[in-house]
Amino acid sequence: MKNDSSDQGAPAEPKNAGGLARANEVLPGLIHLLPVAARPFFPGQAVPLLMRADHWAPTLEAVGETDHKVLGVVLVRNESAEEAVPGDFYNIGTACRVHRVHEQDGMLQVLVECLQRFRLAGVVNPETPFSARVDYFPELSGPPDDQVKAYAMAVINTIKELLPLNPLYVEELRMFLDRFGPEDPSHLSDFAASLTTSTKEQLQEVLETVDLLQRMEKVLVLLNNELELARAQQKIRHSVEERMQTQQREFFLREQLKAIQKELGIAKDDRTAELDRFNERIKKLTLTDEAKKRVDEEMDKLAMLETGSPEYAVTRNYLDWITLLPWGSHSQDKLNLKRARRVLDRDHYGLKDVKERILEFLAVGIMKGEIAGSIILLVGPPGVGKTSIGRSIADALGRRFYRFSVGGIRDEAEIKGHRRTYIGAMPGKFLQAMKDAGTANPVIMLDEIDKIGASFHGDPASALLEVLDPEQNNDFLDHYLDLRFDLSKVLFVCTANQLDSIPSPLLDRMEVIQLSGYIASEKLQIANKYLLPRQIERAGLEKGAIKLDKGTLNALIEGYARDAGVRRLEKQLGKIVRKGTVKMLEGVEPPIQVATADLKEYLGSPVFRDERRLTGPGLVTGLAWTAMGGATLNIEAVRTHSFNRGFKLTGQLGDVMKESAEIAYGYLVSRAEEFGADPAFFEKAFIHVHVPAGATPKDGPSAGITIASALLSLARNRPVRRIAMTGEITLTGEVFPVGGVREKLIAARRAGIKELILPEENRGDFDETPEHVRKGLRVHFASRFEDVVPLLFREQRSKAISVNPG
């Protein structure tokens, strides 16, 4: 029924005011609007509302001033009713009569009774308080037809199925039946829709469906969805309840079992069991007086503490650590020199001088009857076997082996532990190693000791001073344990790639053993005896399933694995074995023979190529040492122009190498005429010295005579013979000794250079180099640069040492 009453002339409230609007009641055509964002309201409901007083009080005051007290509730499309504008309103809403308004704590509590659907005919006031003209949709009267009755029964039956699944539905149904009967299909469908947890869009669609049959169809779909959801929730709830009941039942049964066992004397409580376990451990240990006193105090404390207290857990963990350490427990050393030699030879090929140093070290310990208080430092490039030598030493002595890397450690607590006052405190690495080893005299390897760091947490290298000092480590104090523990029986083996970054006080406590890189012939034997069989075994193949002859291995070493160690060589062999395994699975019969020509197929193009022989004035080959082993270093000197005198260096050189180059330049300019060069050459020449591989940083003084030789060759315009050299030069022409002689000799052999110049003071280092490295090399020794010059441009045999094959 459409009502066109004016703004001022709203009709009087009928006699049954406070009840529902019947078909013969007249509702106002102009009403105030209240937007809601959660969900729409349906006719026949009594709904409590909670809203902000500061925003909606004017609207409710305006409604209260009318005679009919009718308010239009409309759903908005956005998420906030306070920010809504008329453009956000849905077109269909519900007319509601306001029954009660109560303000508390800045909020309005409003009870409204929903009466009829309406359609917005036009907004009168587009700002709060909103008002609009509306058209109503009165409910149809009369008995429903059979089809409507059928849908009504379907809705009622679905609601009956929902009732056992959610007790809240029972109360809402009771309130509905108090006001309506099941024979009222319109209100029944609206009530059923309001029961569901459907989205506000789905509920608004039901509200906008005026046709009763279509509305009941939509409501039935929503009810069935709600029924499936309720069943799923009930299934989950039952599953959780069953699991909780099972756990509770098991808990009660376990507690009853404990109580029964305790009454019968066949079980103990947790505290007693812990104390008994600690006492059993203590009987097997030889504690110091200090440790025994501390253990007794902690055991007394544990006996008094409640098992659930945090202090109980801290004390129990502390006692656990103390009783797990090997106090006074030592393994029996196998003091047999022949056995030690056999183990070292079994695990490593070559390294004769290194093995001799280790055997000398062990021999002294065998004579004393014990090997204790010793720290060995193995220094060498990566992949030469430092870590595996440490394992072999432990195996030769019959001791437990424990390895951990100190590379990158920046916290002193990693070495000496955390104090017990911190949450999650633990002992340091050394006590953890002792616990894991189970004896007080293991072999502990400290890997990468040259890469230990430092930060605001402390300096771990300084903390190591106590550990690695034989005079102090017999009473090593860990912060967590706070007890003196004897580390003097431990054999420490450290590894490093270089000595420069190890602090001097730490280095002073170690016995340094140098490991140089392997030459090609050694790598060939290592690959045949160790690496290839190991890769074949790891692939699950039979022995000899993949074969490489001597020529193929040599080509592999020269083209793909020219580094100082054998790590890259093992990786390349592993790649060959894996590809060979694929071929076998594809039908190729073993053994697979890999020839030199096949290497490109298996490994791709060679990584290393023969170094180009650079010839011409100003080109000289030097020798350098790196953390990866020895390397050749080409020096290039050219005169770029004669406009002015100058000297330029490139190649990413360090400060020391730059100074060395300037010294060589200054010395040669001052003695140019003596060495057969035209002094006028340097007066006008701008000389540029470059060290190739500009992306690689280079530093050190050992290129001094090499740079001087390149400048002399440029000044005399004569090329230098194929000879390599190393040595530091001074402003007076003295040639000073350099380091890394063994690695540099290996680098020269690798590059195919047979003639070398070394400082005279390095003659002892040359003599100590293994003979297989010196074999076939012609070496000259120079004490001054005057000794170098005659060797650059013509033969000189008087001071040369030639080590010939055979």
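**Exercise 1. Determine whether F681 is buried or exposed, and classify its ring pair with F682.**

*Solution.* In this predicted model, F681 has a relative accessible area of 12%. Buried means under 20%, so F681 is buried. The value for F682 is 2%, so F682 is buried as well.

The next step places the pair in context. A search of the whole structure finds 16 aromatic pairs. In the pair of F681 and F682, the ring centres are 5.2 Å apart and the planes meet at 85°. Centres must lie within 6.5 Å for rings to pair, and planes over 60 degrees apart count as edge-to-face. The pair is therefore edge-to-face.

Ring pairs also link residues into a cluster, whose members are Y402, F404, F430, F476 and F492.

**Exercise 2. Identify the rings over whose faces R77 and R774 lie.**

*Solution.* R77 lies over the face of Y90, and its distance from the ring centre is 4.4 Å. R774 lies over the face of F766, at 5.6 Å from the ring centre.

**Exercise 3. Check the span of helix α19 and describe its surroundings.**

*Solution.* Helix α19 covers residues 567-585, which is 19 residues. The expected span is 1.5 Å times one less than the number of residues. For α19 this gives 27 Å, and the end C-alpha atoms are 27 Å apart, so the two values agree.

The second step concerns the buried residues of α19, among them L569, L573, I576, V577 and M584. The buried residues of α19 pack against α17 (520-538), β14 (546-548), α18 (550-560), β15 (592-594) and α20 (599-603).

Finally, G587, just after α19, takes a positive phi of about 120°.

**Exercise 4. State which strands pair with β5 and how many bridges join each to β5.**

*Solution.* Strand β2 (residues 46-52) runs antiparallel to β5 (residues 107-125), and 7 bridges join them. Here R52 has M107 of β5 as its bridge partner.

Strand β4 (residues 92-104) is likewise antiparallel to β5, with 12 bridges. C96 has C114 in β5 as its bridge partner. The hairpin of β4 and β5 has 2 residues between the strands, and D105 takes a positive phi near 55° there.

Strand β6 (residues 131-137) pairs with β5 over 7 bridges, again in the antiparallel sense. G122 stands opposite R133 in β6. A hairpin of 5 residues joins β5 to β6.

Conventions
Residues are numbered from 1 along each chain as its sequence is written. This is a predicted model: local features need pLDDT of at least 70, side-chain atom pairs count only at pLDDT 80 or more; totals for chains, interfaces and linings use all residues. Side-chain values use heavy atoms; hydrogens and water are left out. Rings of Phe, Tyr and Trp (its six-membered ring) pair if their centres lie within 6.5 Å; planes under 30 degrees apart count as stacked, over 60 as edge-to-face and the rest as tilted. Buried means under 20% relative accessible area, exposed over 50%, partly exposed in between (1.4 Å probe, protein chains only). A charge sits over a ring if NZ of Lys or CZ of Arg is within 6 Å of the ring centre and within 35 degrees of the ring normal. Helices (H or I, at least four residues) and strands (E, at least two) are DSSP runs, numbered from the N terminus. Contact means heavy atoms within 4.5 Å. Two strands pair if DSSP finds at least two bridges between them.
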